[in-house]
Structure formats: C-alpha cells, structure tokens
Amino acid sequence: MATKVLMPQLGESVTEGTISKWLVNVGDTVKKYDSLAEVTTDKVNAEVPSTVSGRITEIVVQEGETVAIGTLILYIEESGEAGAPQVKTEEAQVPSQPVAPAPEAQANVAVAATEHPVRSQAAHPDGPKQRYSPAVMALSQEHGIDLSRVVGTGAQGRITRKDVQAIIDAGGQQPVAPVHQETPVPTTVTQADMPQITSAPTTSPASTPSAAVHADIPVASGDQIIPVTSIRRTIANRMVQSKHEAPHAWTMVEVDVTNLVAFRNQAKDEFKRKEGLNLTFLPFFIKAVVESLKEYPMINATWAGDKIIVKKDINISIAVATEDALYVPVIKHADQKSVLGIAKSVDDLAARTRAGKLTMDDMTGGTFTVNNTGSFGSVLSQPIINSPQAAIMSVESIVKRPVVINDMIAVRSMVNLCMSLDHRVLDGLICGRFLQSVKQKLESVGPDTKLY
C-alpha cells in the first residue's frame with residue numbers, strides 16, 4: 001500500500017515550506033518516526049518524520065523546492081506484516097485511526113493518505129496506461145511536456161517528477177510542431193546556503209535563456225545577480241501581505257534613559273558573575289512593554305476579520321538576525337518573568353536561532369513584537385507589523401543628546417521608541433497612552449529596580 005507524505009503545517013500562518021535537504025533516497029527502508037527531510041520556512045527549521053514504516057518509492061519534491069502546505073512530497077510503500085510486502089492497490093484505504101506522533105518528533109506529523117494515482121487516457125506505446133501524480137501533470141503542462149511520450153522510471157513504470165525535470169533540463173522534448181517553452185525559473189537555494197553571487201551576463205537579458213532578472217530591469221556588464229533564497233522570498237511575501245492587509249499607522253516617543261544606563265552599568269558586572277550572561281538593555285525595555293500591556297490589553301490583540309481577539313497571554317516576539325534571514329522567536333508568558341528571566345529567555349532564543357535549533361513552539365504564539373533596531377545603530381525606523389499581531393515596537397539606539405531640563409541644557413542618554421499599529425484594531429489615542437506608560441516605566445528605573 002503506497003502512502004503519500006504531504007508538506008506539514010509548521011506553525012501558525014505558515015503557508016509553504018522548502019525542502020532544504022532529503023535525509024532518505026528512493027529505495028531506502030524507514031521506520032515510523034524516522035526523519036525524512038529537513039524543511040525550512042520563514043519561521044522555523046524542522047525535520048519531517050515518517051508516519052509509517054516502509055520503503056521509499058518516489059521523491060516528488062526536489063531539494064530547494066518551495067511548495068504549499070499539504071503538497072505531496074514523498075511516496076512510501078508500507079511494509080506488510082511478518083515482512084511480507086503488500087501490493088499497491090487502486091482502491092483508497094484510509095486508516096481508521098490517526099497515528100499519534102512520537103514525543104521525539106520535531107515537527108507536525110506529515111499527513112498520510114492512500115495513493116490515488118492519475119492515469120492518462122492514452123495508452124503508453126510500450127505497455128499499459130501511464131501512472132503519474134498531479135504534481136507531475138502540473139509540471140508537464142507548465143513546460144509543454146507530452147507525458148504520452150515519456151517513459152517512466154518509477155515503480156511499475158510510474159512517471160516521476162525527476163523524469164519530467166530531466167526532459168526540461170535537456171531543453172524540452174523535440175516537438176512535432178513548434179512548441180512554446182517557458183523560461184525556466186532559477187533554482188532557489190536553501191536557507192542554510194549563503195547566496196551565491198555571480199557576474200551578470202555580458203549578453204542582453206533577452207538573449208539569456210534563464211535570466212534571473214525582471215524583464216523591465218536592465219542589467220549592465222559587471223552587475224551582480226544574487227539569487228533570492230526561499231526564506232528571503234517567503235519573508236518578502238509575508239511583509240507585502242502585512243502591508244497590504246493591515247493599514248499601518250506610526251507613532252514615536254523619545255525617552256530619557258539616563259538613569260537606566262547608569263543602573264545597568266553599575267549592575268552588569270555582578271550580574272555577569274552571578275548569572276553567567278550579559279545584562280543588556282533589551283530585557284528592561286521588554287519588561288516595561290509587558291507591564292504596559294497589562295494596563296492596555298487592547299494592544300495585545302489580533303484582527304480576525306469579523307472580530308477582534310484580545311489575547312490573555314502576553315508572549316513577546318523578538319527579532320533575531322542570522323547571516324541571511326531574520327527570525328522572530330517568542331518569549332512565552334513574559335508577564336510572569338523578572339528582568340533576569342527575560343534576559344535568560346532572550347539569550348537562549350538568540351543562541352538557538354543562530355545555531356538553527358529553534359523548534360516550532362519557539363516560533364508560534366507571539367502577541368506583540370519588540371524589535372531591537374538600536375543594536376545596529378538605527379535611531380529612527382518604521383517597522384512592519386508581524387501579522388497577525390496588532391502592533392510592533394522598535395527600540396532605537398541609545399544616544400547622548402543635549403536636552404532642556406528646567407530651562408537648562410543637559411546631556412542625557414535618549415532613545416526613540418517607534419511603534420507601528422494596525423489601524424483596524426488600534427488608534428492613535430490608545431497607542432499614545434501605551435507608549436507614555438512604557439516611557440514612564442523606563443524613566444523610573446533606578447537603584448531600587450529589581451532584577452530578580
């Protein structure tokens with residue numbers, strides 16, 4: 001019995017995933033819960049476990065390909081009882097009981113279902129009717145491949161995606177009549193790969209068969225072309241979607257954090273000695289945000305079409321950059337943590353993000369985002385909302401500036417807090433009050449502030 005493995009759902013609002021690496025080959029025997037592939041999304045890297053024991057008969061999606069959730073990626077021929085192989089049947093036999101995932105499974109279990117092969121109406125010249133999947137049919141139609149002229153190399157003569165791709169890579173079939181051939185899409189690289197920089201072609205874009213450039217953008221000799229990675233494309237799509245769907249508004253306040261800077265500088269050495277990690281400014285900002293969200297719970301809300309959902313839990317998303325992407329892991333139940341607890345969570349999430357060890361749970365459930373743009377010197381920014389949240393706040397760089405205090409000029413440590421809001425959920429009044437609350441809490445930090 002052939003079982004289909006589908007691209008699993010790897011987090012809320014995730015719509016697609018990229019096969020970054022196959023961990024099995026056609027012909028391999030796997031056990032239930034063995035890892036089949038490494039999958040990359042804009043939120044998490046995860047391994048897809050097998051739902052059955054059996055033999056890999058066909059890999060449908062190739063490494064580097066990005067496909068939608070629920071897309072067929074693999075066929076497994078289930079092992080029979082007592083080692084006797086079972087024969088594929090034409091009738092669908094859906095298991096009566098869903099298989100529960102093992103505790104060690106690192107991602108949502110991929111959906112399994114009995115195979116429904118597509119049969120062509122025309123008989124293959126060398127034998128019986130052809131067999132191929134809907135994905136193979138779609139690929140062949142996209143590139144003008146006549147499947148009746150393709151000899152399949154899969155089980156029982158099945159035409160696989162690899163068979164069709166080989167014809168495409170060879171320049172297509174030799175047509176009986178001229179056939180239009182679409183320009184192949186450049187292969188995407190996986191999240192683990194650094195973008196490969198290549199020299200621009202010296203010929204014109206129109207004469208380059210696979211030019212990775214929009215037709216309206218000229219490319220001069222010496223220009224560099226950087227292929228868009230799958231994760232960069234996903235991030236771009238999500239940012240466009242957020243800006244398109246959520247009417248963004250923006251506001252900012254400046255905060256005098258002179259006392260916070262003095263307190264942190266006084267406490268950081270002892271903190272490092274006792275706790276083994278650096279005391280940065282970010283935990284203080286997150287703590288102030290969390291306390292203000294308690295006062296203004298409407299900020300901790302989500303637009304849901306015909307209703308607004310005010311979230312009970314306060315889970316703070318933080319932005320962590322790697323070499324080629326930006327991830328947004330979540331500090332769960334941040335309102336129950338001290339400055340020390342938040343500092344430990346930030347340190348742990350940042351370390352596991354850069355090591356590629358985040359789990360799906362680490363990336364889901366965020367209700368408000370704090371973005372530390374000041375870490376690279378920014379003093380003003382307009383962040384894009386992390387959908388489906390209703391708002392995001394950027395903490396800018398702390399800089400010394402002359403300010404007027406009691407009609408006298410003084411040098412103070414100042415920081416800008418920039419907030420983007422979804423105007424469907426929030427308005428300027430409540431966001432202004434929220435930012436004033438954050439400002440008041442930060443400016444009141446002093447020797448009596450508790451870290452524990």
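These legends go with several close-up views of a predicted model.

**View 1. How confident is the prediction along the chain?**
Averaged over the chain, the pLDDT is 79, and 75% of the residues reach 70 or more. Over residues 81-128, however, the pLDDT is below 50, although this stretch still has 93 contacts in the model beyond near neighbours in sequence. Residues 177-213 also have a pLDDT below 50, and their stretch has 55 contacts beyond near neighbours in sequence. Please look at these two stretches with some care.

**View 2. Meet helix 6, residues 339-354.**
This helix has 16 residues and reaches 23 Å from its first C-alpha to its last, close to the 22 Å expected at 1.5 Å a residue. Just after helix 6 comes G356, which takes a positive phi of about 70°.

**View 3. The buried residues of helix 6 and their cover.**
Try finding the buried residues V339, L340, G341, I342, A343, S345, V346, L349, A350 and T353 along the helix. A handy thing to remember while you look: an α-helix has 3.6 residues a turn, so residues three or four places apart point the same way. The cover over the buried residues includes two helices you can pick out, helix 4 (258-275) and helix 5 (282-295). Strands also take part in covering them, including strand 17 (316-318) and strand 20 (330-331).

**View 4. A nonpolar patch on the surface.**
Here W250, M252, V379 and L380 make a nonpolar surface patch of about 340 Å². One of its members, V379, sits in the loop between strand 21 (368-371) and strand 22 (391-395). With a relative accessible area of 42%, V379 counts as partly exposed.

Note on methods. Residues are numbered from 1 along each chain as its sequence is written. This is a predicted model: local features need pLDDT of at least 70, side-chain atom pairs count only at pLDDT 80 or more; totals for chains, interfaces and linings use all residues. Side-chain values use heavy atoms; hydrogens and water are left out. Patches are made of residues with over 30% relative accessible area and no salt bridge: like charges are joined within 9 Å, nonpolar side chains (Val, Leu, Ile, Met, Phe, Trp, Tyr) within 5 Å. Accessible areas come from the Shrake-Rupley method with a 1.4 Å probe; for residues, only the protein chains shown count as cover. A salt bridge is a side-chain nitrogen of Lys or Arg within 4 Å of a carboxyl oxygen of Asp or Glu. Helices (H or I, at least four residues) and strands (E, at least two) are DSSP runs, numbered from the N terminus. Buried means under 20% relative accessible area, exposed over 50%, partly exposed in between (1.4 Å probe, protein chains only). The expected span of a helix is 1.5 Å times one less than its number of residues. Contact means heavy atoms within 4.5 Å. pLDDT is the predictor's confidence in each residue, from 0 to 100.
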